[in-house]
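Please work through the exercises below with the sequence and the structure at hand. Each task is followed by a solution in steps.

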Amino acid sequence: MKIDRRCFLSLAVGAGAGIALSPLPWKLTDDLSIWSQNWPWTPVPKRGEAKTVNSVCTLCPGGCGISVRKIDERAVKIEGMKTHPVNQGGICALGLSGLQLLYGPTRVKGPLKRVGERGKGQWMPISWDEAIREVTDKLTGIRKAGRPQSVAWISGAASNTLNQMLDRFSQAYGTPNGMRLPTLEDAYGLSVSLMNGGNARIGFDFEHAGYVLSLGAGLLDGWGSPVRMFKANTLWKTAGVKLVHVEPRLSRTAAKADTWISVNPGTEAALALAMAHVILKESLYKADFVESYTEKLMDGFRNIVLADFAPEAVAKVTGVDAATITMLAREFAKAKRPIAVCGRGQGTLPGSLDLFFATHALNALVGNINQPGGVWLVREELPSWPDVQPDSVAKAGLGYPRLDGIQTPARISLPNRFIQAVASGKDYPVEALLVIESNPLYTLNDTAMVRQAFSKIPFIVSFSSFMDDTAAWSDLILPNPVYLERTDDVVGVSGFPYPTIALSQPIVKPQCNTRPVGDVLLQIAKGLGDSVAAALAWKDFNACLEASLGERFKSLRKSVVWVDKAYKPAAWDEVFAAERFSFLPNGIAADAAFKPVGIPGDAGGFPLILMAYDTMRLSNGYIGNPPFLTKILEDTVLKQTDGLIEINPKTAKSLGFDEGDRAQIETPKGKAFVKVHLDDGILPGVAAMPRGLGHEAYDAYLAGKGINVNNLMASVNDPVSGFEAAWGIRAKLSKA
Amino acid sequence: MKNEHSHQTTKKFGMVINLDLCTGCGSCMVACMAENNVPFKPDETDKLKSITWMRVYRLTNGKPFPETDVCYLPRPCQHCEGHDGHSPCVSVCPATATDYDSLTGIVSQIYTRCFGCRYCMAACPYHARYFNWYDPVWPDGMEKYLNPNVSPRMRGVVEKCSFCYHRYQAAKDRAYVEGQRDIAEEDYQTACTQACPAGAITFGDLNNPDHAVYKLKQDPRAFRLLERLGTNTKVYYISSKDWVRKAGDNYLPDERPKK
């Protein structure tokens, strides 16, 4: 049959009509709409029995109570524990993201042994027995060779008992090189012991304060116990309590303050001393306290302050005019229940002691020590463990000087100096390093030096739950369960004025093949034998917790937290009976005590000052930022993988930059490519970048995003304490 | 839209957010995402495509250093009532995927009805609606934390804040089982309200004189966003700063807010 045009058309029309009349198009349309509304790949969360389990969050030193909602065995939501006295139901963004850490992709699933080159990410899964044997053999070898001092550990653990256990391990094994990562708590503790005498934790009765002066403390940026501070701020706002914040940058704390005083970076202590100058000159201090309970005011402190810290002179240094300083001093001294507080940003680095001394002196001048609405000295009393009986090897090892230069027995440690000593290789070498709940390769300033130090250590064991920057650079990973899977004790809450002891509870079964560091350490000790095994003879970590918490262990398993809300700090007569408050820290030369720490780098080549800041939306310590937190990060801080550097429009204009321009930031320690963000809320001449970005490790949600500002920072040792005191560095911003 | 259930008590759930107290920490945003199974992508820096039912904006007074001031403003869906439930998004939805509930005052979003035309997004003056450009992907194992009370959304639909409606349903169920007639104020609170560490957010029935929001909304410093559009929103803000209240609507340079 010949197909002509007519035939073709009639066939086509016929076919069309046939198909249209058939159910086919309707069936296909129906199928299509059903298909487009079928999303089998979209997960359907399983239903189940709901219940709530209480615990305590150990992601930061804030010690908040958490209530975790569970559906069968799944934890589905973390909420603030309503009855917890610290956070009263509130919770921060990091605490809320905790389940992303628990179920996250960066967890180390089981013990790993490095097979390729260090840092290349080639690992071999091994069994726990092998992993523990590996560490035990290494440590036994070193100890047998008579060099126990060359084993070191770095711990950022929240658990009091674990840290105590690590100390005990050092004692029994014979190494003086146990490093805890110091924070503002340590700086406060040291200044309290040098000025008040004795050892105590410092607490602030913010809830009853009448006037708050923050000398650079990021009270609403994650300082102390963040949720508690937000609640305190709400109280201040409702009661009309004035908050004055001193900082070069309009941080969230500055934004919420009634008065924001922008000072030149690093001059907060000078401002505090100029205020003391005015208070002393105008006799505004609290005479009954100062005269009866203090010393070295008239003969020491007063002379220094009157001679060197006149408001006019300090105005030049700080950039705050003399009239404002005088006004502030009068306001502070005349206010009811004033309180002064310091500790830069979140206080994750201790900072220079001059600021702590100056702040504490201000508090003493207004007589608020151990007073309602003032600064309290708090102690948590716990049963102590029997003494360690070190054998001869241990005794010999302990005879070595600590690598961080601290005289034993030390209550503080200086990981910054430890790293410098290891990197320089001047003293004895470190042959093995245990890294516990910390990420020193990321969090310490001058990361290039940390890397250099690490490259000299032949055996690095990480106990991290996550494949973080340090774990990725280690030789062996013995993963710890995360905080929702284990039991830990938390003694004291940063800045909280009431004695507090909490016990975190395992909310869910371990999701990975992990073992708590405490248990692993006990097993290693057992393998080491001798005095080590004898000193750490507990069955497991829980037994250890019971030994350090005593009777409380059982009750805390039910109640989670114990707080002595009836606590009243000791009266002046009692505290200062034996030893008066000293305006000049004991044992420190007067001229050295208040000497500011300089900025590294020369102003000629590096005209700007780069400062690192802390924000609630970035976790900047051992815990890497979870995806939710990175998601809520402003696009003025991170844009795709570019970190943004914040400068004043005036600075930008002088350098010829516009919003979003590419630039190179260079400091004496390194350089990085960034984008420029203009913000009026920063002092001209200062550039700011947040801590918490620029990870090399972790997952697609965090790795390679932004710049690690610690790479650009130099490590500066406080001349008095040796604490990491860097708050900024000279920098240069050029077009890229 | 007529109130077809006039024999029942009409509730009008709403929020009062005290901007003097809000510190911009972002807890509300994360609380919302964790409660409502909001997904996340490796890159969330394109804020137009970043799904945040609750978003905290940073407002500035535009003044140069050191007079610069900043205010943080959390923005959930404003649950516009308009005139008789004639809210901007509801009136344009061709699929009846979003509706105004005259019993609660909550603007709903039914994902399986939505076919992704995004008219509602164009109509919403508050950018409170978000489109799922991609399928949600939870890294292996992370789907364990998903909340069974909220269905995860799929590519191609619009989503937004529901005032945690599933919590209202649960509270009603509980009240029914316990034989109560009505639910109490504390029985139904949104995830953001509950989480806010500053206590800046207050949630409740704007019609009920016993609820805290009833009083707070009458505060002389209270205002609503873009009030003059007639959206008649149910989210009130309180600020003691003039410039913040002025930033709440499009005022001319020399014009002043009425309060």
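The exercises concern a predicted model.

**Exercise 1. The contact between chains A and B**

Task: Determine how many residues each chain gives to the contact, and which element of chain A gives the most.

Solution:
- Step 1. Chain A supplies 60 residues to the contact and chain B supplies 51 residues.
- Step 2. On the side of chain A that touches chain B, the elements giving two or more residues include β3 (74-80), α8 (226-239) and β23 (638-639) of chain A.
- Step 3. The most comes from α8(A), with 7 residues.
- Step 4. By residue class, this side of chain A divides into 30 nonpolar, 15 polar and 15 charged residues.

**Exercise 2. The helix between two strands of chain A**

Task: Find how β9(A) and β10(A) are paired, and state the handedness of the crossover through α8(A).

Solution:
- Step 1. Strand β9 (residues 211-217) of chain A is mostly covered, since 7 of its 7 residues are buried.
- Step 2. The strands β9(A) and β10 (residues 242-246) of chain A run parallel and are joined by 5 bridges.
- Step 3. Within this pair, V244(A) in β10(A) stands opposite L213(A).
- Step 4. From β9(A) the chain passes through α8(A) to β10(A), a β-α-β crossover that is right-handed.

**Exercise 3. An open sheet in chain B**

Task: Establish the strand order of the open sheet of 4 strands in chain B, and identify the strands at its edges.

Solution:
- Step 1. The order is β6-β1-β8-β7 (chain B), and the pairing is mixed.
- Step 2. β6 (201-205) and β7 (222-223) of chain B each have a single partner strand and stand at the edges, so one side of each lacks a neighbour in the sheet.
- Step 3. β7(B) runs antiparallel to β8 (residues 235-238) of chain B, and 2 bridges join them.
- Step 4. A222(B) has I238(B) in β8(B) as its bridge partner.

**Exercise 4. Unusual backbone geometry**

Task: Locate E437(A) and N232(B), each with a positive phi, and decide whether each is buried or partly exposed.

Solution:
- Step 1. Most residues other than glycine have a negative phi, and most peptide bonds are trans.
- Step 2. E437(A), not a glycine, has a positive phi of about 45°; this residue lies in the loop between β15 (432-436) and α18 (440-443) of chain A.
- Step 3. E437(A) is buried because 25 other C-beta atoms lie within 10 Å, and the cut-off for buried is 20 or more.
- Step 4. N232(B), in the loop between β7 and β8 of chain B, has a positive phi of about 50°.
- Step 5. N232(B) has 17 other C-beta atoms within 10 Å, so N232(B) is partly exposed.

Terms used: Residues are numbered from 1 along each chain as its sequence is written. Chains are lettered from A and ligands numbered from 1 in the order in which they are written. This is a predicted model: local features need pLDDT of at least 70, side-chain atom pairs count only at pLDDT 80 or more; totals for chains, interfaces and linings use all residues. Two residues are in contact if their C-beta atoms, placed from the backbone, lie within 7 Å. Ala, Val, Leu, Ile, Met, Phe, Trp, Tyr, Cys and Pro count as nonpolar, Asp, Glu, Lys and Arg as charged, and the others, Gly among them, as polar. Two strands pair if DSSP finds at least two bridges between them. A residue is buried if 20 or more other C-beta atoms lie within 10 Å of its own, exposed if 12 or fewer, and partly exposed in between; C-beta atoms are placed from the backbone. A crossover is right-handed if, with the strands pointing away from the viewer, the path from the first strand over the helix to the second runs clockwise.
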